[in-house]
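The exercises below are meant to be worked with the sequence and the coordinates side by side. Each task is followed by a solution that proceeds step by step.

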Amino acid sequence: QVQLVESGGGLVQPGGSLRLSCAASGFTLDYYIIGWFRQAPGKEREGVSCISSSDGSTYYADSVKGRFTISRDNAKNTVYLQMNSLKPEDTAVYYCAAELGITTVQALCKVPGIFGSWGQGTQVTVSS
């Protein structure tokens with residue numbers, strides 16, 4: 001049974017940092033693209049960052065480039081999202097998702113609906 005479990009969310013002040021973790025079970029990350037997506041109230045779910053577990057290629061949304069870093073530990077079957085210089089507009093529920101690498105990371109990350117497996121989400125709130 002494929003399962004993704006996010007952790008690491010919370011309340012942080014503007015300018016602060018958080019590290020989200022996405023632990024996968026029931027499958028190995030090899031050949032999968034893992035993505036971090038977020039959804040704020042009243043907004044559509046958007047791709048934040050994705051990584052290929054096979055070749056390490058990555059994608060970042062323009063809004064998080066230079067502030068967020070995605071990484072993977074295939075031995076631990078876990079993907080991380082390091083979020084620095086957080087802004088109030090980063091407030092959202094963050095989800096991780098997995099899909100086979102059927103196309104490039106850059107293309108896949110822009111279409112959340114293609115991802116077949118999702119975690120339950122973790123709340124990130126950036127506020128003073």
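## Exercise 1: An exposed residue and its patch

I102 has a relative accessible area of 62% and is therefore exposed, in what is a predicted model.

**Task.** Place I102 in the chain, and state which residues make the nonpolar surface patch that includes I102.

**Solution.** Begin with the secondary structure: I102 belongs to the loop that runs between β9 (92-100) and α1 (105-108). Next, turn to the surface, where Y31, L100, I102, V111 and I114 make a nonpolar patch of about 500 Å². One of these patch members, Y31, can then be followed to the loop between β3 and β4. Y31 counts as exposed, because its relative accessibility is 63% and the cut-off for exposed is over 50%.

## Exercise 2: Two positive phi values

**Task.** Compare the settings of Y31 and N77, deciding for each whether the residue is buried or exposed.

**Solution.** Start from the general expectation that most residues other than glycine have a negative phi. Against that background, Y31 has a positive phi near 75° without being a glycine, and N77, which is not a glycine either, has a positive phi of about 55°. The second step is to locate the two residues: Y31 is in the loop between β3 and β4, whereas N77 is in the loop between β7 and β8. The last step is accessibility, and here Y31 is exposed at 63%, while N77 is buried with a relative accessible area of 13%.

## Exercise 3: The open sheet

**Task.** Give the strand order of the open sheet of 4 strands, and explain why β1 and β7 each have one side without a neighbour in the sheet.

**Solution.** Reading across the open sheet, the 4 strands follow the order β1-β3-β8-β7, and their pairing is antiparallel. The strands β1 (3-7) and β7 (68-73) stand at the edges and have a single partner strand each, so one side of each is left without a neighbour in the sheet. On average, neighbouring strands of this sheet are turned by 15° against each other, with direction ignored.

The registers can now be traced through β3. On one side, β1 and β3 form an antiparallel pair with 5 bridges, in which E6 is opposite C22 of β3. On the other side, β3 (residues 18-25) is joined to β8 (residues 78-83) by 6 bridges, again in the antiparallel sense. Within that pair, C22 faces V79 of β8, and S21 has Y80 as its bridge partner in β8.

## Exercise 4: The partners of β9

**Task.** Determine which strands pair with β9, using the bridges to β4, to β11 and to β10, and decide whether β9 is mostly covered or uncovered.

**Solution.** Take the pairings one at a time.

- Strand β4 (residues 32-39) runs antiparallel to β9 and is joined to that strand by 8 bridges; F37 is opposite Y95 of β9.
- Strand β11 (residues 122-126) is paired with β9 in the antiparallel sense through 3 bridges, and the partner of Y94 in β11 is T122.
- Strand β10 (residues 117-118) is paired with β9, also in the antiparallel sense, through 2 bridges, and A98 has S117 as its bridge partner in β10.

As for cover, 7 of the 9 residues of β9 are buried, and the strand is thus mostly covered.

## Exercise 5: Two loop residues and their distances

**Task.** For K43 and A61, find the loop that holds each residue, and decide which of them is buried and which exposed.

**Solution.** K43 sits in the loop between β4 and β5 (46-52), and with a relative accessibility of 57% K43 counts as exposed. Its C-alpha atom is 9.5 Å from that of A92, although the two residues are 49 residues apart along the chain.

A61 is located in the loop between β6 (58-60) and β7, and at 9% relative accessibility A61 counts as buried. When residues up to four places away in sequence are set aside, A61 touches G47 and V48. Between A61 and Q3, which are 58 residues apart in sequence, the C-alpha to C-alpha separation is 25 Å.

Conventions: Residues numbered from 1 in each chain as written. Predicted model: local features only at pLDDT ≥ 70, side-chain atom pairs only at ≥ 80, totals over all residues. Heavy atoms only, no water. Pairing = 2+ DSSP bridges. Axes fitted to C-alpha atoms, helices over the stretch in contact; angles between N-to-C directions. Patch = residues over 30% accessible without salt bridge, like charges linked within 9 Å, V, L, I, M, F, W, Y side chains within 5 Å. Areas by Shrake-Rupley, 256 points an atom, 1.4 Å probe, with all protein chains shown as cover. Salt bridge = Lys/Arg side-chain N within 4 Å of Asp/Glu carboxyl O. Buried < 20%, exposed > 50% of the residue type's maximum accessible area, 1.4 Å probe, protein only. Contact = heavy atoms within 4.5 Å.
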